[in-house]
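Got your viewer open? Here is a short tour, stop by stop, with what to select and what you will find there.

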Amino acid sequence: MSYLITQLVREWGFLLRQKYVVVLLLCSLILSGFAIYSGLSEVSAQQQTIERLKAADQSDRAKVQQKQNDAGMLAYYSFHLTYSQPSNLAFAALGERDIFPWKHRINLLAIEGQIYESDSQNAELAQAGKIDFVFVISALAPLVIILLFHDLFANERTSGRHDLLVTTAKSYFALWGARITVRFVAVIICLMLPFFVGAVIAGASGSEVVYVSLLCIAYLAFWTALSVWWGKNATSAPRVASSLIGIWVLFAFIIPILGDLAINKSVHSPKGGDIMLTQREAVNDAWDLPKSATMQPFVKEFPEFAPYIDMSSEFEWKWYYAFQQMGDLKAAELSKAYRDAAAKKYELAGFVSWISPPLLLQRSLTRTANTDSIAAYDYEQKIRDYHQQLREFYYPWLFYKGDPTKAALENMPRFESTTQSSN
């Protein structure tokens, strides 16, 4: 045991005397730290935005309720904030939160159009994405591993020391194992230390931290093993490096890009704009149709309101909101096709990820952080469910109860968001 410790200490000293290795490790530490800082800042900004909007949402709705008594006017002018709260691990894997909207303000009008009116940020910034921890680990860390291990054997052969070292070494570990272990541990410390600090700040649970750590260490071990194996019998370090970089480009870029192109070509999907247009056309057309063309299909969905569909004037709010509902029904098939296609694409991308380790790690971490497309579509469904609750609250007042009292408005449904990660 003391001999192994001596070898490890010797290799640590040898590593610290190599300036390029120290610089490379410091760059890794700085890059990982920047990614964690960037992720924490983004999550903090999102949380502050949500809290600010929640306060404004309550204030705006209270003002509407003071000014309006009519049920239809209340439903029209009262907006309700919905949002997707970032999880405790979102700082490490922002995922799709910079692409898909994570906040909406909705009212009782047709919901599909409100969902697909994106509130995302500048399109060019969203396309560029953000440098988060999962990007550093999955895309950039393999380069650090390659630079640290590509010349492990070739340099010794080039300098003529290889055969002498092999002959005099007491064991394989004494010669190469200790050096590999020390470099690997150094990379792990530099890349993972900022994550541990960020996890404490963000309040991530111990199980989440352990799970993410195991995934990252296993991923880095894969690239270390590949680099060591590829260069084991090589005599030219540049040739080893160029080969490994080619493999990295294949895994990190070529396979995901080709896979995405193939998936998009094989899985056809309507666009969000098509859904919104279909819904709005149905709503606009309803103004020119006989009232029965709206009310009869409506009572098939809500038979409890069948006794109250008769109208005594040309315009009544119950008819107005009924054809808003019919607009959603008109777009329902397209909306379902859109969601089914998205689920199919995600499933197929999962198969592609098995031949692309960087993509596999990204999917695993964003799923754990609840920031992938699954989380985005779950949030969309929560909006639909909440909107349905609002309809169920307002419809009795619109059809037969009359104007709601202030006390009744206190029972209006409230949107609730969950922040759990998916482990």
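**First stop: helix α12**

Start by selecting α12 and showing its surroundings: what covers its buried residues includes α4 (111–115), α13 (291–301) and α14 (317–353). Helices here are DSSP runs of H or I with at least four residues, strands are runs of E with at least two, and both are numbered from the N terminus. Buried means under 20% relative accessible area, exposed over 50%, and partly exposed in between, using a 1.4 Å probe on protein chains only. Keep in mind that this is a predicted model, where local features need pLDDT of at least 70, side-chain atom pairs count only at pLDDT 80 or more, and totals for chains, interfaces and linings use all residues. Residues are numbered from 1 along each chain as its sequence is written, and side-chain values use heavy atoms, with hydrogens and water left out.

Now colour the buried positions of α12: G272, I275, M276, Q279, A282, V283 and A286. Look down the axis of α12, and those buried residues fall within an arc of 130 degrees (taken from the directions from the helix axis to the C-beta atoms), so they line one face of the helix. Want a quick geometry check? The 15 residues of α12 (272–286) should span 21 Å at 1.5 Å a residue (the rise times one less than the number of residues), and the end C-alpha atoms are 22 Å apart, which agrees.

**Second stop: K345**

Jump to K345 in helix α14. With a relative accessible area of 25%, K345 is partly exposed. Leaving out residues up to four places away in sequence, K345 touches I263, N264, V267 and S269, where contact means heavy atoms within 4.5 Å. Draw a C-alpha to C-alpha distance from K345 to I263: you get 6.3 Å, although the two are 82 residues apart in sequence. Then show side chains, and a polar contact of 3.4 Å joins K345 and N264. A polar contact is a pair of N or O atoms within 3.5 Å; within protein, one must be able to donate a hydrogen and the other to accept it, and residues adjacent in sequence count only if both atoms are side-chain atoms.

**Third stop: two loop residues**

Is E316 buried or exposed? Select it in the loop between α13 and α14: at 15% relative accessibility, E316 counts as buried. A polar atom of the E316 side chain lies 2.7 Å from the backbone nitrogen of S312. Beyond four places in sequence, E316 touches D310 and M311.

Next, go to N370, in the loop between α15 and α16 (373–401). Most residues other than glycine have a negative phi. N370 is not a glycine, yet has a positive phi of about 60 degrees. At 23% relative accessibility, N370 counts as partly exposed.

**Last stop: zoom out**

Colour by pLDDT, the predictor's confidence in each residue from 0 to 100. The mean is 88, and 89% of residues reach 70 or more. Among the elements, α5 (123–128) has the lowest mean, 42, and α15 (357–368) the highest, 96. Over residues 119–128 the pLDDT is below 50, and this stretch has 9 contacts beyond near neighbours in sequence. Where pLDDT is low, the predicted coordinates should not be read in detail.

Overall, you have 17 helices and 2 strands, with 48% of the 423 residues counting as buried.
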